[in-house]
Amino acid sequence: LSDKKIMDKFSIIKSNFIQNKELIDKTIETNLSDIENATGMLINMLENDGKLLSCGNGGSSGDAQHISSEFINRFEIERKEMPAISLNSDTATLTSIANDYDYKYIFAKQINALGKKNDILMAFTTSGNSSNIIEAINSAKLKGMRLILISGNDGGKAISLLDKTDCSIIVPSDRTSRIQEMHLIIIHAVCECLDVYIRNEG
């Protein structure tokens with residue numbers, strides 16, 4: 001390889017870390033109170049025997065599964081299990097809804113079946129415009145559920161569907177990869193707070 005090609009790769013790799021660091025600083029400035037609010041909502045949910053329903057597309061589906069697994073199994077300490085369902089995980093249900101109705105209803109119909117008043121829907125969407133996320137929020141609202149929207153850009157159409165009882169965490173970036181990196185830190189921050197809460201309650 002020529003020196004130029006090696007240097008181009010080096011610059012790309014370095015820029016990813018630099019952009020991540022810069023976005024971390026921006027997220028600290030703009031989102032800490034929203035993350036704290038979301039954590040408080042989840043604590044209230046647990047105290048009222050509610051459960052977490054999570055959903056997302058693509059990389060965001062991984063985030064939805066990630067937080068669900070942290071709830072049900074554990075994060076960093078031994079503690080009792082917390083109730084959560086990733087709406088991305090049942091491929092038979094997902095494909096049957098997409099085939100028989102429409103892909104935009106893959107989460108909404110599950111919420112119609114499983115959602116209850118004291119539950120929370122945590123929706124991951126980097127754009128805020130995914131039609132199946134919009135339908136999921138609409139269904140959660142009809143069930144009387146509260147919403148935690150974790151997004152990027154300007155929150156898209158999804159943020160307009162939230163009310164004062166809900167919470168939005170909007171990462172200040174328009175680059176999907178950077179937004180998803182912040183979403184992972186947000187998940188881990190929330191889970192650590194819940195670990196501390198459960199340890200203190202126990």
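This tour moves through a predicted model, from its largest nonpolar core to a single buried serine and a charge placed over a ring.

**The largest nonpolar core.** Begin by selecting Leu42, Leu52, Ile67, Phe71, Met122, Ile148 and Leu194; within a core of 32 residues, these touch the most other members. Next, colour the elements that each supply two or more residues to this core: helix 1 (3–47), helix 2, strand 3 (120–125), strand 4 (146–151), strand 5 (167–170) and helix 7 (176–201). Helix 7 provides the largest share, nine residues. In soluble globular proteins, nonpolar side chains tend to be buried together.

**Leucine 194.** Centre the view on leucine 194 and display its surroundings. Beyond its neighbours within four places in sequence, leucine 194 is in contact with Thr39, Leu42, Ile43, Leu46, Phe71 and Met82.

**A second core.** Apart from the largest core lies another, of 21 residues. To locate this other core, select Leu53, Leu94, Ile137 and Met145, which are among its members.

**Serine 60.** Now turn to helix 2, which spans residues 59–72, and select serine 60 within it. Is this serine buried or exposed? Serine 60 has a relative accessible area of 3%, and it counts as buried because that value is under 20%. Show Phe124, Thr125, Thr126 and Gln180 as well: serine 60 touches these residues, when those up to four places away in sequence are not counted.

**Rings and charge.** Finally, select lysine 109 and tyrosine 101. The charged end of lysine 109 sits over the ring of tyrosine 101, 4.3 Å from the ring centre. A search for aromatic pairs across the whole structure finds zero.

Conventions: Residues are numbered from 1 along each chain as its sequence is written. This is a predicted model: local features need pLDDT of at least 70, side-chain atom pairs count only at pLDDT 80 or more; totals for chains, interfaces and linings use all residues. Side-chain values use heavy atoms; hydrogens and water are left out. Helices (H or I, at least four residues) and strands (E, at least two) are DSSP runs, numbered from the N terminus. Buried means under 20% relative accessible area, exposed over 50%, partly exposed in between (1.4 Å probe, protein chains only). Contact means heavy atoms within 4.5 Å. Rings of Phe, Tyr and Trp (its six-membered ring) pair if their centres lie within 6.5 Å; planes under 30 degrees apart count as stacked, over 60 as edge-to-face and the rest as tilted. A charge sits over a ring if NZ of Lys or CZ of Arg is within 6 Å of the ring centre and within 35 degrees of the ring normal. A nonpolar core is a set of buried Ala, Val, Leu, Ile, Met, Phe, Trp, Tyr and Cys residues joined through side-chain atoms within 4.5 Å.
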